[in-house]
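Got your viewer open? Let's take a walk through this protein, one selection at a time.

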Amino acid sequence: MSNQSIQSENKPNNDEPVGNKGSAVAKRLQKELMALMMSSEKSVSAFPEDSNFFRWKATIVGPKETPYENQKYRLSIEFPNNYPYTAPTCKFTTPCFHPNIDISTGMLCLDILKEKWSALYDVRTILLSIQSLLSEPNNDSPLNSNAASLWDKKAEYKKYLDQFYEKNKDT
């Protein structure tokens, strides 16, 4: 075997975990998946995409007594190789009209996924926090200024949201 082929075999692939660190993350994610499956909380769910434990699909049901009640949103979650020390990347794949969600990319602004991240958080905590954000937006830092300006006009917001959701829920 030549030196060149040995070098290419040992090069880390950025798409896959490296060494024990990756297997430790996979074990943690397996444990989180089992805890989520055993949880009595039915308004959030998540599971790995195909057999890749580093990419998950999630579902959040809109909180009761909010404009989002009875709406269901799909999200994607991508875990970095150094999870849980770095937050995963979460984004809505179902378009969502909300002050803290970018309507075109699905990216969301949530402090626990940024500067307030802690390795103690798990997938369930993340999903419940995103669900909570639906009912309690941070209008001081909107990604969608149209949604932020409508938020305090409850009836108008709800009417627009329902029309938007019906138009986009299957995309």
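Before the first click, one term: two strands count as paired if DSSP finds at least two bridges between them. Keep in mind, too, that what you're looking at is a predicted model.

**Stop 1: the strands.** Select E3 (72-78) and E4 (89-92). How do E3 and E4 pair? They pair in the antiparallel sense, over four bridges. Now add strand E2, residues 52-61. E2 and E3 also run antiparallel, joined by seven bridges.

Want to see the pairing residue by residue? Click on Ser 76 in E3, and you'll find Lys 57 standing opposite. Ser 76 has a bridge partner in E4 as well, namely Lys 91. While you have the strands on screen, here's a handy general point: in a regular strand, side chains alternate between the two faces of the sheet.

**Stop 2: Phe 79.** Follow the chain into the loop between E3 and E4, where Phe 79 sits. Is Phe 79 buried or exposed? Its relative accessible area is 6%, so Phe 79 counts as buried, the cut-off being under 20%. Show what surrounds Phe 79: leaving aside neighbours within four places in sequence, its contacts are Leu 29, Phe 53, Phe 54, Trp 56, Pro 88 and Val 123. Try a distance on one of these: the C-alpha atoms of Phe 79 and Phe 54 are 5.0 Å apart, although 25 residues separate the two along the chain.

**Stop 3: Gln 131.** Next, pick helix H3, residues 123-135, and find Gln 131 in it. With a relative accessible area of 10%, Gln 131 is buried. Not counting residues up to four places away in sequence, Gln 131 touches Ser 43, Val 44, Ile 60, Val 61 and Pro 63.

**Stop 4: Cys 109.** Head for the loop between E4 and H3 and select Cys 109. An unreviewed UniProt entry lists Cys 109 under "active site". Cys 109 is partly exposed, with a relative accessible area of 24%. Beyond four places in sequence, Cys 109 touches Asn 100, Lys 114, Leu 133, Ser 141 and Leu 143.

**Stop 5: the largest pocket.** Keep Cys 109 selected, since Cys 109 is one of the residues lining the largest pocket. Add others from the lining, including Asn 100, Asp 111, Lys 114, Ser 132, Glu 136 and Ser 141. What is the volume of this pocket? About 180 Å³. Try colouring the lining by type: you'll get three nonpolar, five polar and four charged residues.

Methods
Residues numbered from 1 in each chain as written. Predicted model: local features only at pLDDT ≥ 70, side-chain atom pairs only at ≥ 80, totals over all residues. Heavy atoms only, no water. Helix = DSSP H or I, 4+ residues; strand = E, 2+ residues; numbered from the N terminus. Buried < 20%, exposed > 50% of the residue type's maximum accessible area, 1.4 Å probe, protein only. Contact = heavy atoms within 4.5 Å. 1 Å grid on protein atoms, 1.4 Å probe; cavity = no way out; pocket = protein on both sides within 12 Å on 5 of 7 lines; lining within 4 Å. Points joined across faces, edges and corners; volume = space filled by probe spheres on them. Nonpolar A, V, L, I, M, F, W, Y, C, P; charged D, E, K, R; others polar. UniProt positions renumbered as here; feature names shortened; annotations may be inferred.
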